[in-house]
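Biologist: Hi! Could you pull up the model so we can go through it together?
Modeller: Sure, here it is.

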Amino acid sequence: MSDRSGGGGIFVTGTGTEVGKTVVAAVLAHTLAAEGRGVAVFKPCVTGLDENPPEADHELLRRAAGSDQSDEQIAPYRYGPPASPHLAAALAGEEIDPERLRAAARDAADGADAIVCEGVGGLLVPLAPDYLVRDLAVDLGYPLAIVASPGLGTINHTLLTIAAARAAGLEVALVVLTPWPEHPSEIKESNRETIAAVGKVEVRTLPTLDLGAPETWPQLSW
Ligand SMILES: Nc1ncnc2c1ncn2[C@@H]1O[C@H](COP(=O)(O)OP(=O)(O)OP(=O)(O)O)[C@@H](O)[C@H]1O
Ligand SMILES: [Mg+2]
């Protein structure tokens with residue numbers, strides 16, 4: 001599969017948890033689906049289901065992609081406690097099996113024209129005690145989209161994530177700053193330019209979206 005121009009696959013990571021990975025992954029998936037492609041989505045592990053989020057990550061991704069994958073096919077490991085995957089698995093008396101993740105992602109990709117994967121937390125979050133999100137990204141081989149906040153502190157977090165990605169041989173296709181205000185401050189504009197210049201990376205922005213109205217979302221591809 002080609003890994004450019006919206007074909008193949010992309011792995012959406014971020015500078016941390018709750019930065020907008022699911023939103024960005026959903027927009028990438030929706031863009032591909034709107035072009036008429038069959039889109040699969042994948043998330044190795046979902047935690048925090050006990051907290052009754054309005055829509056869990058795998059559900060929002062499935063809807064955005066127009067996919068008919070099952071919960072199991074999108075997210076092979078799903079846990080109630082809002083904990084890191086390795087801890088949530090341990091609390092359930094399990095350990096996440098990297099081979100099961102790789103096989104599930106391969107199966108999902110085989111059934112589609114393109115696949116959008118969302119990581120968990122940031123790149124160095126353990127899925128199993130000796131298997132990080134970054135290891136899965138390397139095993140899957142897709143380029144990365146790195147999601148980050150626009151505001152103060154983001155230069156360091158984003159450049160650290162880019163460095164951790166490139167140290168493992170991963171390609172960083174783009175950085176996405178979200179949510180990007182209609183009238184960005186000088187700091188946010190400077191953050192965007194600085195990350196692009198120092199990180200030698202393409203930086204895009206995503207405005208605040210109505211998550212319930214995908215037809216109003218902008219297009220985003222890599
Ligand atoms: N462009 C945007 N438009 C609307 N809401 C946004 C946007 N970017 C981020 N958010 C909001 O930020 C919050 C976190 O977003 P999201 O759930 O995508 O983060 P995440 O990185 O996937 O989190 P997790 O680590 O739990 O998977 C959500 O409440 C989401 O609605
Ligand atoms: Mg998410």
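Modeller: What follows is a chat about the ligand site and then a few single residues, all in a predicted model.

Biologist: Great, let's start with the ligand. Which residues come nearest to ligand 1?
Modeller: There are 17 residues around ligand 1, and those that come nearest are Thr17, Thr22, Thr178, Pro207 and Leu209.

Biologist: How far is the polar side-chain atom of Thr17 from an oxygen atom of ligand 1?
Modeller: That distance is 2.7 Å. The side chain of Glu118 also has an N or O atom placed 3.1 Å from an oxygen atom of ligand 1.

Biologist: And Leu209? What part of that residue lies 2.8 Å from a nitrogen atom of ligand 1?
Modeller: In Leu209 the atom in question is a backbone N or O.

Biologist: How much of the ligand's area does the protein bury?
Modeller: The protein buries 76% of the 630 Å² that ligand 1 exposes when taken alone.

Biologist: Nice. Where does ligand 1 sit?
Modeller: Ligand 1 is in the largest pocket. Three elements each give two or more residues to the shell around ligand 1: helix α1 (21-34) and strands β9 (172-180) and β10 (203-207).

Biologist: Which one gives the most to that shell?
Modeller: That would be α1, which contributes three residues.

Biologist: And by class, what does the shell have?
Modeller: Around ligand 1 you'll find seven nonpolar residues, along with five polar and five charged ones.

Biologist: Let's go back to Thr178 for a moment. Is its peptide bond to Pro179 cis or trans?
Modeller: The bond from Thr178 to Pro179 is cis, and its omega is near -10 degrees. Pro179 itself belongs to strand β9, one of the elements in the ligand shell.

Biologist: What's the usual state for a peptide bond?
Modeller: Most peptide bonds are trans, and most residues other than glycine have a negative phi.

Biologist: OK, so on to phi. What is the phi of Glu18?
Modeller: Glu18 has a positive phi, near 60 degrees, and is not a glycine. You'll find Glu18 in the loop that links β1 (8-14) to α1.

Biologist: Why does Glu18 count as exposed?
Modeller: Glu18 counts as exposed because its relative accessible area is 77%, and the cut-off for exposed is over 50%.

Biologist: What about Lys200, what's the phi there?
Modeller: Lys200 is not a glycine either, and its phi is positive at about 50 degrees. Lys200 sits in the loop between α8 (186-199) and β10. With a relative accessible area of 66%, Lys200 is exposed.

Biologist: Changing topic: is Thr161 buried or exposed?
Modeller: Thr161 is buried, because its relative accessible area is 9% and buried means under 20%. This residue is part of helix α7.

Biologist: Which backbone oxygen lies 2.9 Å from a polar atom of the Thr161 side chain?
Modeller: The backbone oxygen of His157 is the partner there.

Biologist: I've got Ser67 on my list too. Where is it found?
Modeller: Ser67 is in the loop between α2 (57-65) and α3 (71-74). At 15% relative accessibility, Ser67 is classed as buried.

Biologist: Which side chain does Ser67 make a polar contact with?
Modeller: The contact is with the side chain of Gln69, at 2.9 Å.

Biologist: Next up, Ala92. Where's that one?
Modeller: Ala92 is in the loop joining α4 (85-91) and α5 (98-110). Its relative accessibility is 44%, so Ala92 counts as partly exposed. Between Ala92 and Tyr79 the C-alpha to C-alpha distance is 7.9 Å, with 13 residues separating them in sequence.

Biologist: And Glu171?
Modeller: Glu171 is placed in the loop between α7 (154-167) and β9. Glu171 counts as partly exposed, at 34% relative accessibility. Leu144 is 27 residues away from Glu171 in sequence, and their C-alpha atoms are 6.1 Å apart.

Biologist: Last one, Glu215. How far apart in space are Glu215 and Ala56?
Modeller: Glu215 and Ala56 are 20 Å apart, C-alpha to C-alpha, and 159 residues apart in sequence. Glu215 is in the segment after β10, and at 64% relative accessibility Glu215 counts as exposed.

Technical notes:
Residues numbered from 1 in each chain as written. Chains lettered and ligands numbered in written order. Predicted model: local features only at pLDDT ≥ 70, side-chain atom pairs only at ≥ 80, totals over all residues. Heavy atoms only, no water. Near = heavy atom within 4 Å. Polar contact = N/O pair within 3.5 Å; in protein donor to acceptor, adjacent residues only side chain to side chain. Areas by Shrake-Rupley, 256 points an atom, 1.4 Å probe, with all protein chains shown as cover. 1 Å grid on protein atoms, 1.4 Å probe; cavity = no way out; pocket = protein on both sides within 12 Å on 5 of 7 lines; lining within 4 Å. Sits in = over half its atoms within 2 Å of the grid points. Helix = DSSP H or I, 4+ residues; strand = E, 2+ residues; numbered from the N terminus. Nonpolar A, V, L, I, M, F, W, Y, C, P; charged D, E, K, R; others polar. Buried < 20%, exposed > 50% of the residue type's maximum accessible area, 1.4 Å probe, protein only.
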